[in-house]
Amino acid sequence: MSKAKIGIVTVSDRASAGIYEDISGQAIIDTLNDYLTSAWEPVYQVIPDEQDVIEHTLIDLADNHNCSLIVTTGGTGPAKRDVTPEATEAVCDRMMPGFGELMRAESLKFVPTAILSRQTAGLRGDSLIINLPGKPKSIRECLDAVFPAVPYCIDLMDGPFLVCDENIIKPFRPKQK
């Protein structure tokens with residue numbers, strides 16, 4: 001079984017300037033380590049809130065690093081510098097709006113400001129790209145909601161078979177006859 005490559009991108013001017021520890025990117029890594037029992041390799045980057053840089057990074061992770069899954073954190077709010085969804089849409093072949101809809105619905109259970117979030121997801125070649133919020137608690141809540149669909153989505157794109165610890169997260173795959 002091949003080791004899955006998963007891109008993890010923190011979008012933040014402060015993080016790229018080294019002003020603070022990147023707890024959001026680490027929250028994604030920790031969550032994926034909790035979920036996955038199959039071998040996987042993070043391809044981790046911290047980049048500024050600049051649309052062209054985000055686009056270039058997503059393209060590089062999908063096309064050159066062959067990441068089957070790319071998870072971003074940050075840049076999904078209403079601030080002028082928040083352009084991660086625009087960058088994602090610009091590089092994707094097809095959008096997967098159900099991911100953003102479910103993440104907002106889940107977040108609304110915790111905070112009324114979830115309606116301000118613009119998380120989205122899309123497909124570029126053989127990669128699924130998912131935009132997450134920037135707070136570690138919200139990252140986990142959103143991944144808990146959408147991750148059950150991720151392994152099957154990657155299966156459908158002929159990506160690596162992701163095995164999960166079903167005591168932590170139970171992926172959905174249709175039963176084979």
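User: Okay, so two strands pair if DSSP finds at least two bridges between them. With that in hand, which strands form a hairpin here?

Analyst: That would be S5 and S6, with 2 residues between them. Keep in mind that this is a predicted model. In the turn, glycine 125 has a positive phi of about 55°.

User: How do S5 and S6 run, parallel or antiparallel?

Analyst: They run antiparallel, and 4 bridges join them. S5 covers residues 121-124. To find the pairing in the structure, look for alanine 121, which stands opposite isoleucine 130 in S6.

User: What other strand does S6 pair with?

Analyst: S6 also pairs with S3, which is residues 69-73. This pairing is in the parallel sense, over 5 bridges. Here isoleucine 70 is the residue opposite isoleucine 129 in S6.

User: And is S6 itself mostly covered or uncovered?

Analyst: Mostly covered: S6 spans residues 127-132, and 6 of its 6 residues are buried.

User: Which way do those residues point?

Analyst: Ser127, Ile129 and Asn131 point one way, while Leu128, Ile130 and Leu132 point the other way. Residues on both of these sides are buried.

User: Switching topic! How many disulfides are there?

Analyst: The count comes to 0. In general, a disulfide is a covalent bond between the sulfur atoms of two cysteines.

User: Why is cysteine 92 not in a bond?

Analyst: Because its sulfur is 11 Å from the closest cysteine sulfur, in cysteine 153, and that is too far for a bond. A disulfide needs the two sulfur atoms within 2.5 Å.

User: Are those cysteines buried or exposed?

Analyst: Cysteine 92 is buried, with a relative accessible area of 12%. Cysteine 153 counts as buried too, at 9% relative accessibility. The cut-off for buried is under 20%.

User: Zooming out, how many helices and strands are in the protein?

Analyst: There are 7 helices and 6 strands. Starting at the N terminus, the elements go β-α-α-β-α-β-α-β-α-β-β-α-α.

User: How compact is the whole thing?

Analyst: It is as compact as a globular protein of that length, because its radius of gyration is 15 Å, close to the 16 Å that the globule rule gives for 177 residues. The C-alpha trace spans about 50 × 40 × 30 Å along its principal axes.

User: Last one: what share of the residues is buried?

Analyst: Buried residues make up 50% of the 177. As for the surface, the protein exposes about 8,800 Å², with carbon and sulfur atoms supplying 53% of that area.

Key. Residues numbered from 1 in each chain as written. Predicted model: local features only at pLDDT ≥ 70, side-chain atom pairs only at ≥ 80, totals over all residues. Heavy atoms only, no water. Buried < 20%, exposed > 50% of the residue type's maximum accessible area, 1.4 Å probe, protein only. Rg over C-alpha atoms; globule rule 2.2 N^0.38 Å. Areas by Shrake-Rupley, 256 points an atom, 1.4 Å probe, with all protein chains shown as cover.
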